[in-house]
Amino acid sequence: CDMGGLENLVANTAYLNAQGGDDKELRRRRRSLLLPRPEQCAAIRSSIPLDFEQVCERQPIGKKLFRQFLLASKPEYTAAAEFLDELNEWDLEESGSKDKARQNIMNKFCRAESNSFLSYLSGDVTDKCKAVSEKDFDEVMMGKVKDATKKFLKGKPFTEFHSSLFFDRFVQWKAYEKQPISEKYFYEFRTLGKGGFGEVCAVQVKNTGHMYACKKLDKKHLKKKGGGAMSMLEKRILEKVNSRFLVNLAYAFDTTTHLCLVMSLMTGGDLKYHIYNMGERGIEPNRVIYYTAQITVGLLHLHAMDIVYRDMKPENVLLDSQGQCRLSDLGLAVELPSGKTICQKAGTSGYMAPEILKEEPYRMSVDWWALGCSIYEMVAGRLPFKDYKEKVQKEEVARRTLEDECKFEHKGFDAASKDIIMEAFHTVEKEKMDFTFHHFFKSISFPRLEAGLIKPPWVPKPNVVYAKDMGDIRDFSEVKGVEFDSNDEKFFKEFSTGAVSIPWQQEMIDSGLFDELNDPNRKESSWGLKEN
Ligand code: ADP
Ligand code: MG
Ligand code: MG
């Protein structure tokens, strides 16, 4: 009997079962959970800034509680909340259903005789709202009326929210969010991949059943190789970005042996695997367009925060269980405040832009170059300057990149794909690049893509593990002769900041735990909470 194979089968089965979710143990755990009592939360309360955007828009639980507050208060507060929701839905509606949604909004919110008329508006905004027509709907409602609504909500409603039971509940959730995190918070499953400082495995949050990937960095290994500063940089960048197209960080904690980064779990494999290991080399055109669109938005989100990725390649683009992709491995990313350049050589051979190879100062253009190479690779199953499985020195690939022309011999290229690749190769002359208008993307509505509303063209099979077998990736080597001093301990503590607000709150909502603990009929948890 093949013990490695058997072990792999057992590990895969446990992992796949966990993703199915909802077992008895989970329900039992949940019944015993309690939020911290209000009187335990005084310090947390005073640490929350009185900032409308932070509390009521950016944080998912704050946003939800503020909305619940509005719906439970005066009719004009309810109207404001419903108006913003419906306007947002209209904005993302497919063109076929837009007319109807627009008409509904006009009837409900713009007519003085309607119960939901936006009566908080004043002066010429009221007049404009009452007189709105199909023609100027977009301009008036998305402009002046929306702005006035937000301004209204920021005033008295926000102040009243702040002294309501809904805000007390927010404070309790914030206290819960700040709980210390250790390995006991998770169940651990099979290894998914191997990184430079340790393995990445699947984990599950015991309280919610939510699955994540946990990147474990061996503390001794880090110290020996001097990888601490780099890992801290990766962690800081990961926790700052919050995008549907980037792997997000949900928790950072440490064990006696490892620093751990808990991130979005991507079960569908990486794009390199899909290009080379799924039968015929390359990816179908409609998938290439979809993935490229998501990658483009991911890069734009990074660039908007002045971050260069520097490791754009199909291997670093991972698919989730739905078939949507995210950029991962931000280990080479750096922050370049506006105007600043860098000339450090970084990246992967075959994807590096001429400006990097020549060690000239560069900014975001290198990511667009690497995207061009990646689109080429998805279509052709080879790189523009390196053939599939070609044994060639880095220096020769660099020479070709600098001197040769990019040839499009593969039959999969059409005019649009050739054109976008050539554009990507010429971004160095421009300071900013927006590909979203390129005709390569004529089938994609970017606002709908960004809202997660476009169905993926390909969905991974739920019973397949798109990762190499565990025997091939496990690492047994142990680092010897490394001792930690007080500086190391200080560094580990700085790294281990626990839950990251936005993804953590989203997890509470998506798993249903938010509703469960807020339920006024829940025995242990009426609005004034019982003992913990
Ligand atoms: P390193 O920076 O050390 O190279 P990576 O972040 O690239 O580490 O992770 C190593 C491997 O672990 C990846 O190649 C991939 O196979 C797997 N992996 C990483 N992040 C995830 C994730 N979020 N979901 C699933 N697998 C992942
Ligand atoms: Mg990697
Ligand atoms: Mg890395």
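## Ligand shell, core and helices

In this predicted model, ligand 1 is surrounded by 18 residues, and the closest of them are G193, G195, G196, V200 and A213. Two or more residues of this shell come from each of β1 (186–195), β3 (211–218) and β5 (258–264). Strand β1 provides the largest share, 4 residues. The composition by class is tabulated below.

| Class in the shell around ligand 1 | Residues |
|---|---|
| Nonpolar | 9 residues |
| Polar | 6 residues |
| Charged | 3 residues |

A213, one of the closest residues to ligand 1, is also listed among the residues with the most contacts inside the largest nonpolar core. That core contains 129 residues, and L118, A202, Y212, A250 and V262 are the others listed with the most contacts. Helix α17 (residues 365–380) contributes the most to the core, with 11 residues. In soluble globular proteins, nonpolar side chains tend to be buried together.

The surroundings of A202 can be given in detail. Leaving aside residues up to four places away in sequence, A202 touches Y15, F189, R190, L192, M211, A213 and L265.

Helix α15 (residues 285–304) comprises 20 residues and spans 28 Å from its first C-alpha to its last, close to the 28 Å expected at 1.5 Å a residue. Of its 20 residues, 14 are buried, so α15 is largely enclosed by the rest of the structure. Just after α15, D306 adopts a positive phi of about 60 degrees.

An unreviewed UniProt entry lists residues 58–171 as "domain: RGS". Over this range the chain is 76% helix and 0% strand, with the end C-alpha atoms 15 Å apart.

Note on methods: Residues numbered from 1 in each chain as written. Chains lettered and ligands numbered in written order. Predicted model: local features only at pLDDT ≥ 70, side-chain atom pairs only at ≥ 80, totals over all residues. Near = placed C-beta within 6 Å. Nonpolar A, V, L, I, M, F, W, Y, C, P; charged D, E, K, R; others polar. Expected span 1.5 Å × (residues − 1). Buried ≥ 20, exposed ≤ 12 C-beta atoms within 10 Å, placed from the backbone. UniProt positions renumbered as here; feature names shortened; annotations may be inferred. Core = buried A, V, L, I, M, F, W, Y, C linked by C-beta atoms within 7 Å. Contact = placed C-beta atoms within 7 Å.
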